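Please open your viewer and keep the sequence panel beside it. This tour goes from stop to stop, telling you what to select next and what is there.

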Amino acid sequence: MEESIKKTIDIWLSSNIEDTDKSALKELLADSNEAELIDSFYKELEFGTGGMRGIMGLGSNRMNKYTVGSATQGLANYINAQYPNEEPSVAIAHDSRNNSSFFAQIVADIFSANGIKVYLFNELRPTPELSFAIRELGCKSGIVVTASHNPKEYNGYKVYWEDGAQIIAPHDTEIIKEVRKIDSFDQIKFKANSDLIKEIGNDIDNKYLDAVSNLSLSPESIKNQSDLSIVFSPIHGTGITLVPQALERFGFTNVTIIEEQATPDGNFPTVIYPNPEEKEALTLALDKAKQIGAELVMATDPDADRVGIAIKKDNGDFELLNGNQTGALLIYYLCLKWKENGKLDGKQYVVKTVVTTELIKDIASYFGIECFDTLTGFKHIAGLIKELEGQKTFIGGGEESYGYLIGDFVRDKDAVSSCAMIAEMAAWAKDNDKSLEELLEEIYSQFGMYQEDLISLTKKGKSGAEEIQEMMRQFRSNTPSTLVGSEIEWLIDYETSTARNLLTGQEDKIDFPKSNVLQFITKDGSKISMRPSGTEPKIKFYISVRSDSDAEQSFEKEKLTLQYKIAKIKEELDLT
């Protein structure tokens, strides 16, 4: 074991941590589980540009009372420095994960001990409602304790600023500096000032749900199709608190909730991972949908900021849509209804991330609506909304990872309002004698067939982090010249802020914040994006291919052709 790791362990043992934690750490040392000790202590759990996320347990590289405490104390110091002559307040929410309520209370205690007023949700709540509450209550910052759809061993800590969005520059780097100044647990003020902690709940719920209800664009279609059969699962998370109410307020009367997954439970006992991107997580919902003849399946992740859906096909089977397909459907529906309702005046826009399908841009262009690209992460979408506030109107946006936002009263991805709008879209389609499958095929007929895939390679621990960095270095220095017979035309590197044409040598600067993201764009329109995950020990590859729709070829054949192309790209990039 490296001396630096031994030193960190010794510091913890000699520090002012609770006796029970010291005993647990001594037991870990006695067990001689060197691999576990190294991973727990080889580095500090990084407080990054949006907060932190990690495995729960003792150690400097774990989510626990002390790492959460250090982060909160640093944030409290920053807030007080930013608002020296004010009485700042923060809002705090948490999801259903193990220890989430425990961490949320610690966070509340520390803020209050630092003279900051705290609005603490009385029970678990969706992340988007935390964003809404910050804006509604005039808070300077906010925290939600969640690890989104990570495995059950994880928890996390997301930081928001006064606009209701996750922190971006300059606050992110300045907060990180303050957190790094906390070099002793003795600097953390754990003793609460209960007079400064106020519980919130139903009042904020109702205001938030009122705002969601006002998004409706096709009330007549819902009235005509109010009995549309919908199956919903919160996958043991916070979606149960608001999604059924949102659907009811929109006017849907035939919603079946998966009872086995309705109770919040941080162990997520019915699934391998509580991730609505995974078919396995929707197994119970799909079985129920087939049993009762439902037309739409929706499932939210533990903090209800992402939603996965399955649509009924003409043959009675259900098809799981990926995040790009759902996003494209939503943007098409929103643009169409804004046009039909006479709400377009040339000042509207939609937003997607650079790794999300270009189909969204094609759709927006058709309706004469501007489409902006941002880096991966909804904080960048929210940052653009803030930048354009008062100049242009945000219709909606999203990213391929199943996160969408409609309207701007929330500044993060919102599965609650997305569920309501997806259900309305299905009702509108049915009211116009078509299914969502047929609507998606119409979109492909008009704009071309797109297919996408995401490959996530997990590389755990210190050696895994080094391997990920080496993979990115290799792709930068040894870029292939072709993929599946098509020349790579553009190499876009967001770390160096350059877009280089490999065929002509032309090099352009790109106006994006620096980020470890690399893209290959081929002459035939394929887009391959790669980046290390900022929240998990993974490197992600996003593959998007397209073809002009061929009237002589069925959609299924086109899909198979493009899926074969994706398989060949994986093979050539050695991702299989």
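In which strand is the place of serine 456? Select serine 456 and you will find that its place is in strand S16, which covers residues 449–458; helices (H or I, at least four residues) and strands (E, at least two) are DSSP runs, numbered from the N terminus.

Before going further, please note that this is a predicted model, in which local features need pLDDT of at least 70 and side-chain atom pairs count only at pLDDT 80 or more, while totals for chains, interfaces and linings use all residues. Residues are numbered from 1 along each chain as its sequence is written, and side-chain values use heavy atoms, with hydrogens and water left out.

**Stop 1: around serine 456**

Keep serine 456 selected, and add lysine 540, which is 84 residues away in sequence although the two C-alpha atoms are 4.5 Å apart in space. Leaving aside neighbours within four places in sequence, serine 456 is in contact (heavy atoms within 4.5 Å) with Lys538, Ile539 and Lys540. At 31% relative accessibility, serine 456 counts as partly exposed; buried means under 20% relative accessible area, exposed over 50%, and partly exposed in between, with a 1.4 Å probe and protein chains only.

**Stop 2: the whole chain**

Now zoom out until the whole protein chain is in view, with its 18 helices and 23 strands. The radius of gyration, taken over C-alpha atoms, is 24 Å, close to the 25 Å that the globule rule (2.2 Å times the number of residues to the power 0.38) gives for 576 residues, so the chain is as compact as a globular protein of that length. If you turn the chain along its principal axes, its C-alpha atoms fill a box of roughly 75 × 55 × 50 Å.

Colour the chain by burial, and buried residues will make up 57% of the 576 residues. Among contacts between residues at least 6 apart in sequence, 68% join residues at least 24 apart.

**Stop 3: a leucine in a helix**

Select helix H12, residues 323–340, and within it pick out leucine 329, which counts as buried at 0% relative accessibility. Not counting residues up to four places away in sequence, leucine 329 touches Leu321, Met425, Leu436, Leu439, Leu440 and Ile443. Add leucine 359 to the selection, and you can check that its C-alpha lies 9.9 Å from that of leucine 329, with their positions 30 residues apart in sequence.

**Stop 4: a glutamate and a cysteine**

Move to glutamate 358, in the loop between strand S12 (348–353) and helix H13 (359–366). Glutamate 358 is partly exposed, with a relative accessible area of 24%, and, apart from neighbours within four places in sequence, it is in contact with Lys352, Tyr450 and Lys527. The C-alpha atoms of glutamate 358 and cysteine 371, 13 residues apart along the chain, are separated by 10.0 Å.

Why does cysteine 371 form no bond with the cysteine sulfur closest to its own? That sulfur belongs to cysteine 335 and is 8.8 Å away, too far for a bond, given that a disulfide is a pair of cysteine sulfur atoms within 2.5 Å. The structure holds 0 disulfides. Cysteine 371 counts as buried at 15% relative accessibility, and cysteine 419 is also buried, with a relative accessible area of 0%.

**Stop 5: backbone details in three loops**

Show the backbone of alanine 169 and proline 170, which are joined by a cis peptide bond with omega of about 5°. Proline 170 is found in the loop between strand S5 (154–161) and helix H7 (171–180).

Next, select phenylalanine 268, in the loop between strand S8 (255–257) and helix H11 (283–292); phenylalanine 268 has a positive phi of about 45° although it is not a glycine, and its relative accessible area of 2% makes it buried. Then go to tyrosine 402, in the loop between strand S14 (393–399) and strand S15 (403–406), where phi is near 70°, a positive value in a residue other than glycine.

**Stop 6: after the last selected helix**

Finish with leucine 573, found in the segment after helix H18 (555–572) and counted as buried at 7% relative accessibility. Leaving aside neighbours within four places in sequence, leucine 573 is in contact with Phe475, Pro480, Leu483, Phe520 and Ile528. Of these, proline 480 is 93 residues away in sequence, and its C-alpha is 8.5 Å from that of leucine 573.
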